[in-house]
Amino acid sequence: MTIWILKVMNFTIDGMGNLRITEKGLRLEGDSEFLKPLYAKEIRSRPGNPLYLQSARNVTVNILDDEMKVQTQVITGAQGVDAYGKRFQVMSNSGKLLFSATNEEVVVGAERLRVLGAEGAVFPKSIETPNVRADPFKELRLESPTRSLTLEAPKGIEIDAEAGDLLATCRTDLRLESKVGEIVLDAATVKIPRLPRGSYTSTGARQKVYEICVCSNGRLFLSQAGSGSTCQINSGVCS
């Protein structure tokens, strides 16, 4: 013998079961499940309580135009969050722009952009910024492993290391070029190690003073100082 137990839900003019009809709209108590689309002007939780949207696959939010075509779409699924639209913006509580992205550009409006990855930031093309600096007591490294690194500015470039050394290394040539002005090396001591030495004659007293000579091709070498310049005598170093 089969016994059927039927649970009858009370239906009144105020609603049915967990559904209540109020002056401000419909009110649902507890978890609710909708098998077909739900159309509403506003969905909100009780004051002080969170609002949960739960799905076995994903939750999709679509913004349609007058012709019912999707203009903006946000999909949250197991693989991540996807957003589609003409513009994406992130604002602070005070209304300040923190981040925006369009087809033309990506703007970071925060006062500081921090990259915490161990490999730093990779820019396949150029980057335009008024200031690049490291965190306090951390080193700043600008490098190009396989190509060249170019620093350009219309009014000047300032490289400042207040509490450490400044190191510039390259595989081939390192060029410091000034088209109009001059290049100034302002320091208490300027060292140019490993310069080649020109030949010297054994006649006369040998001096331990050398002069720096410049070849026509720009190569520098040391020549033992004499009563006059000995650069011309040691010009064979330039070849």
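Two strands count as a pair if DSSP finds at least two bridges between them. The views below show a predicted model.

**View A. Overall make-up of the predicted chain, built from 12 strands and zero helices.** From the N terminus on, the order of the elements is β-β-β-β-β-β-β-β-β-β-β-β. Of the 239 residues in the chain, 7% are buried. The mean pLDDT of the chain is 81, with 88% of the residues at 70 or more. Confidence is highest in β9, where the mean is 93, and lowest in strand β1 (residues 11–12), where the mean is 58.

**View B. The antiparallel pair of strands β6 and β7.** Strand β6 covers residues 70–77 and strand β7 covers residues 80–84, and five bridges join the two. Within this pair, V74 is set opposite A83 of β7. The connection from β6 to β7 is a hairpin through two residues.

**View C. The antiparallel pair of strands β11 and β12.** Five bridges hold this pairing, which runs in the antiparallel sense. V214 faces L220 of β12 across the pair. The hairpin of β11 and β12 has five residues between the strands, and G218 in this hairpin adopts a positive phi near 95°. Strand β12 (residues 220–224) is mostly covered, with four of its five residues buried.

**View D. The second largest pocket, with a volume of about 2300 Å³.** The lining consists of 40 residues, and those closest to the centre of the pocket are F34, L38, I43, L51 and L53. Three elements give two or more residues each to this lining, namely β3 (19–22), β4 (25–28) and β5 (59–64). The largest share comes from β5, which supplies six residues. By residue class, the lining of the second largest pocket holds 20 nonpolar, 10 polar and 10 charged residues.

**View E. The salt bridge between E42 and R44, in a structure that holds six salt bridges.** The closest N and O atoms of E42 and R44 are 3.8 Å apart. Both E42 and R44 are exposed.

**View F. The salt bridge between E111 and K96.** The closest N and O atoms of the two side chains are 3.9 Å apart. E111 belongs to the loop between β10 (106–108) and β11 (210–214), whereas K96 belongs to the loop between β8 (88–91) and β9 (97–101), so the contact ties together parts that are 15 residues apart in sequence. Exposed residues have a relative accessible area over 50%, and E111 is therefore exposed, at 77% relative accessibility. K96 has a relative accessible area of 39% and is therefore partly exposed.

**View G. The salt bridge between D135 and R114.** The side chains of D135 and R114 meet at an N to O distance of 3.1 Å. D135 and R114 both lie in the loop between β10 and β11, so their salt bridge ties together parts that are 21 residues apart in sequence. D135 has a relative accessibility of 30% and counts as partly exposed. R114, at 52% relative accessibility, counts as exposed.

**View H. Positive phi at M68.** Most residues other than glycine have a negative phi. At M68, which is a residue other than glycine, phi is positive and near 65°. M68 is placed in the loop between β5 and β6. The relative accessible area of M68 is 60%, so this residue is exposed.

**View I. Positive phi at R194.** Although R194 is not a glycine, it takes a positive phi of about 60°. R194 sits in the loop between β10 and β11. With 85% relative accessibility, R194 counts as exposed.

Technical notes
Residues numbered from 1 in each chain as written. Predicted model: local features only at pLDDT ≥ 70, side-chain atom pairs only at ≥ 80, totals over all residues. Heavy atoms only, no water. 1 Å grid on protein atoms, 1.4 Å probe; cavity = no way out; pocket = protein on both sides within 12 Å on 5 of 7 lines; lining within 4 Å. Points joined across faces, edges and corners; volume = space filled by probe spheres on them. Nonpolar A, V, L, I, M, F, W, Y, C, P; charged D, E, K, R; others polar. Salt bridge = Lys/Arg side-chain N within 4 Å of Asp/Glu carboxyl O. Buried < 20%, exposed > 50% of the residue type's maximum accessible area, 1.4 Å probe, protein only. pLDDT = per-residue confidence, 0-100.
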